[in-house]
Each structure stands twice: as C-alpha cells, then as structure tokens.
Amino acid sequence: MSSSPNTLFFRIETVHDVSSARRKGLMLAMDMGFQTADATKIAVVISELGRNIVSYAGKGTITVLSQAGDNSRKYIKIIADDRGPGIKNLNQVLDGGYTTSGGMGLGVSGSRKLMDEFNIRTGEGEGTTITALKWL
Ligand SMILES: Nc1ncnc2c1ncn2[C@@H]1O[C@H](COP(=O)(O)OP(=O)(O)O)[C@@H](O)[C@H]1O
Ligand SMILES: [Mg+2]
C-alpha cells in the first residue's frame, strides 16, 4: 500500500523554482519519516544545488526520488542536472571555500557533508550532474 518509488521532477530556471523544489522535497522527506533535522538537510541540499543551477548553468532540472517501500531500506535521492559550462577546479570546490561568484563557496562541499552518498559527474561543455542520497 505504500508509494514506492515516488518521483518529483522540477525544471529549475529561477529562484522561485528552487524554493518550490525545496518546499516539496522537504514535505516528501517528512512524509517518508525523516526527522526534522534530516529533512531540513535534504531541503538545504535541494536549495544549494538548485541555486547553483540558476547561478552557473542558467537552467536545469532537479529530480527527487524516494524509495519508501515496505521491503527495502528507505532512502531519498536528489539528482541535480544541467547542461551548463561544467564545474572547473572540482577538487577545490569539494574542499570548500572556493567560489567564482563572491559566494561562500560552501554549497557543494556542505551538501556533500549533509548526505550519505554524493557523486559528481561534470565536464567542460558537458554540464553537471550531482547525485546525492540519504538513508532513512
Ligand atoms: N552547476 C554548476 N555548473 C557550473 N559551475 C558550478 C555549478 N555548481 C557550482 N559551480 C562552481 O563551483 C563553485 C562553488 O559552488 P558552491 O560550493 O555552491 O559555492 P558558491 O555557489 O557560493 O560559489 C561555484 O562558484 C561555481 O564556480
Ligand atoms: Mg552555491
């Protein structure tokens, strides 16, 4: 009787799109049974990756997948995808404190710390796909 898996898909182009994705991702995480602290971490990651899409790629998508079935371990997965310029200096970005925009440079590195699994596929002219997972 459970909804597994469940998928939310967002086209991301404006900060409004980002806050909508953040809000709906937070509700999904709470519905799955994540505690407020962990659901908030998931919302922060959606927000940071979404803001990066708007700022650096112009547009892209965020997909939030929930695996909430009765017979398997539950998790939530965030996939942020764009066809922008790609992340240069990826190692510095992952170390944190590196920014090309006068920001804090903590969006990607912080998001990685907030999640259980974190994978980046990026290349110049190939765009960026970040996949992040948190177990319930
Ligand atoms: N989707 C993206 N496409 C291209 N570059 C990106 C993307 N996301 C992040 N970056 C690059 O990585 C840097 C660090 O990002 P982040 O950790 O979120 O910090 P901030 O956004 O404050 O600079 C950005 O300044 C930008 O150069
Ligand atoms: Mg950022």
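Strands β2 (residues 60-67) and β3 (residues 75-82) run antiparallel to each other and are joined by eight bridges. One example to look for is Ser66, whose bridge partner in β3 is Ile76. Keep in mind as you explore that this is a predicted model. The pair belongs to an open sheet of five strands, and a bound ligand is also there to visit.

**The sheet**

- Going across the open sheet, you meet its five strands in the order β1-β2-β3-β5-β4, with antiparallel pairing.
- The edge positions belong to β1 (6-12) and β4 (117-123); each has a single partner strand, so one side of each is left without a neighbour in the sheet.
- From one strand to the next, the twist averages 10°.

**Helices on the sheet**

- Helix α1 (residues 15-32) packs on the sheet, where it touches β1, β2 and β3.
- The direction of α1 makes about 170° with that of β1.
- Helix α2 (residues 36-57) lies across β1, β2, β3 and β5 (127-135).
- Relative to β3, α2 runs at about 5°.

**The whole protein**

- In total, the secondary structure comprises four helices and five strands.
- If you follow the sequence from start to end, these elements appear in the pattern β-α-α-β-β-α-α-β-β.
- The radius of gyration is 14 Å, close to the 14 Å that the globule rule gives for 136 residues, so the protein is as compact as a globular protein of that length.
- Measured out along its principal axes, the C-alpha trace spans about 45 × 25 × 25 Å.- Buried residues make up 30% of the 136 residues of the protein.
- Among contacts with a separation of 6 or more, 61% come from residues 24 or more positions apart.

**Around ligand 1**

- The surroundings of ligand 1 consist of 23 residues, and the closest are Asn52, Thr99, Thr100, Gly103 and Gly107.
- Helices α2 and α4 (107-114) each contribute at least two residues to this shell around ligand 1.
- The element that gives the most to the shell is α2, with five residues.
- Sorted by character, the shell around ligand 1 holds 10 nonpolar, 11 polar and two charged residues.
- Helix α2 is therefore worth a second look: besides giving five residues to the shell around ligand 1, α2 lies across β1, β2, β3 and β5.

Note on methods:
Residues numbered from 1 in each chain as written. Chains lettered and ligands numbered in written order. Predicted model: local features only at pLDDT ≥ 70, side-chain atom pairs only at ≥ 80, totals over all residues. Rg over C-alpha atoms; globule rule 2.2 N^0.38 Å. Buried ≥ 20, exposed ≤ 12 C-beta atoms within 10 Å, placed from the backbone. Contact = placed C-beta atoms within 7 Å. Pairing = 2+ DSSP bridges. Axes fitted to C-alpha atoms, helices over the stretch in contact; angles between N-to-C directions. Near = placed C-beta within 6 Å. Nonpolar A, V, L, I, M, F, W, Y, C, P; charged D, E, K, R; others polar.
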